[in-house]
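Open the model in your viewer and keep the selection box handy. We will go stop by stop.

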Amino acid sequence: MDDVIIIGGSFAGLAAALQLGRARRKVTVLDTGLPRNRFAGHSHGLLGHDHKPPLGILAEARQQLARYPAIRLVNARADSISGAIDDFSVLTGDGESLGARRVILSYGVADQLPDVPGFAESWGTSIVPCPYCDGFEVAGQHWGFVWAGSQSHQSAKLFQHWTDKLTVFADGHDIAPDIQADLARRHISVVDGRIIEIAHHKGHIATVNLDTRRTVAVDVLFAQPRNKPSASLHESLGLATVDTPVGIALRVDERRQTSMPGIYAAGDLTTPSLPSVTQASSQGAMAGIFAQQSMLV
Ligand SMILES: Cc1cc2nc3c(=O)[nH]c(=O)nc-3n(C[C@H](O)[C@H](O)[C@H](O)COP(=O)(O)OP(=O)(O)OC[C@H]3O[C@@H](n4cnc5c(N)ncnc54)[C@H](O)[C@@H]3O)c2cc1C
C-alpha cells in the first residue's frame, strides 16, 4: 500500500510528490500527460524557469524526482476512487488497483474553448488567457479582449498596464451603460456582434471576424473561457465545490484537505480562475506536506 496516491502529475502533483518523497513516504503519481498550458510555447513567471517550454519544465521535474526511490510515476488515468481515510482504493484505466492512506487530487481543469473556427488553432499562440503569463511579450501591441461578463471590467482595466491599444469584443454580451462609459473614458473601444471566426496563420491571429460582417485586426486576443475539472472523481466522492466566474473549484481548508477526510487537493482544480504554475506548485507542495503530517501517529 502507498502512503499517498497523487492523481495528476503536473505542476501541483509533482510538487506534492517531491515533498512526500523527501519525507520518505511511499507515493504513486498517476498522470495522463495533458497539462493545461501544453498549448503554450513558453511558460512565464515561475522563478528559475521563466520563458521555458512548459513540457520542458515538467520533464526536468520528473528527472529530479527519479532521485527519490519511494516515488513511482505512472502514465495512467485514475478512473475511480473508493474507500475512506487510511484505506483508499484507486482503479486505473489500465486495470491496476492501488491502495493508499491518503489521496491528493491535482488533475487540473480543461478550458471549454468556443466552437469558433480558428479559436482552438490559435489557443496558446495568439489567443491567451492571462496577462501575467503572456502580456510582457506583446506589451504595447493592439490587444483584443473577449468580454465574458461583468468580471471582465476588472480585466480590461488591468490590461491597460500593458497596452493603451485595447479593443473589447462584446461577443453577444450586453455591457452595462456605466461600464461602457468607463471603457469610453479609458479610450477602450467596444465592438458589438458575435465572434464567428478567427482568421490566423499557423495560430498567429490576423483578424477577428464578426457576425455583423465586420473584421477587426488585432495582434493578440485575450480570452477567459469557462473551464471544468479534467476528471469527475470529485463528483463520485461527493466532494464540496464552490462556484467561480469561470467554473467550479474544489473546496479545501487551510491544510488543503477537501470536504472528505484524507483527500487533499491542489492546483487549478482548487483555483481555476487564478491559473498559475507558481501557485499550483506551491499548493501542491503544501498538500504533500499536510498529507504527510496527517499520517503522524
Ligand atoms: C494557454 C495557457 C498558457 C498558460 N501560461 C502560463 C504561464 O505562462 N505561466 C503560468 O504560471 N501559468 C500559465 N498557465 C496556467 C497553467 O497552465 C496552470 O495554472 C497549471 O498548468 C496548473 O497546474 P496543475 O498541476 O494544477 O494542472 P495541470 O497542469 O493542468 O495538470 C493536470 C494533470 O492531471 C492530468 N490528469 C487529468 N485527469 C487525470 C486522471 N483522471 N488521472 C490521471 N491524471 C489526470 C493531466 O493530464 C495533467 O497532466 C497557462 C494556461 C494556459 C491555458
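Is Thr-270 buried or exposed? Select Thr-270 and find out. Thr-270 counts as buried, because its relative accessibility is 10% and the cut-off for buried is under 20%. Keep in mind throughout that this is a predicted model.

**Stop one: around Thr-270**

Show the backbone as a cartoon. Thr-270 sits in a loop. That loop runs between strand β19 (263-265) and helix α8 (277-294). Now show side chains, and add the backbone oxygen of Gly-267. The side chain of Thr-270 reaches that oxygen at 2.8 Å. Next, select the contacts of Thr-270 that lie beyond four places in sequence. They are Ala-249, Leu-250, Val-252, Arg-256, Ala-265 and Gln-283.

**Stop two: Asp-2**

Go to the start of strand β1, which covers residues 2-7. Asp-2 belongs to this strand. Is Asp-2 buried or exposed? Asp-2 is buried, with a relative accessible area of 7%. Select its contacts, again skipping neighbours within four places in sequence. One set to pick is Lys-26, Val-27 and Thr-28. Then add Gly-99, Ala-100 and Arg-101.

**Stop three: the cysteines**

Select Cys-130 and Cys-133. Cys-130 counts as buried, at 11% relative accessibility. Cys-133 is partly exposed, with a relative accessible area of 24%. The cut-off explains the split: buried means under 20%, so 11% qualifies for Cys-130, whereas 24% places Cys-133 in the partly exposed class. How many disulfides does the model have? The count is zero. A disulfide is a covalent bond between the sulfur atoms of two cysteines.

**Stop four: the two domains**

Zoom out and colour by domain. Domain 1 takes residues 2-111 and 226-294. Domain 2 takes residues 119-222. The contact between them uses seven residues from domain 1 and seven residues from domain 2. Place a marker at the C-alpha centre of each domain. The two centres lie 32 Å apart.

**Stop five: the domain interface**

Turn on the surface. How much area do domain 1 and domain 2 bury between them? The figure is about 620 Å², with 54% of it on carbon and sulfur atoms. The size of an interface is often given as the accessible area lost when the parts come together.

Now look for polar links across the boundary. Two residue pairs are in polar contact between domain 1 and domain 2, both at pLDDT 80 or more. Salt bridges between domain 1 and domain 2 number zero.

Technical notes
Residues numbered from 1 in each chain as written. Predicted model: local features only at pLDDT ≥ 70, side-chain atom pairs only at ≥ 80, totals over all residues. Heavy atoms only, no water. Disulfide = S-S within 2.5 Å. Buried < 20%, exposed > 50% of the residue type's maximum accessible area, 1.4 Å probe, protein only. Helix = DSSP H or I, 4+ residues; strand = E, 2+ residues; numbered from the N terminus. Polar contact = N/O pair within 3.5 Å; in protein donor to acceptor, adjacent residues only side chain to side chain. Contact = heavy atoms within 4.5 Å. Domains from an automatic or database assignment. Buried area = accessible area lost by both parts, 1.4 Å probe. Salt bridge = Lys/Arg side-chain N within 4 Å of Asp/Glu carboxyl O.
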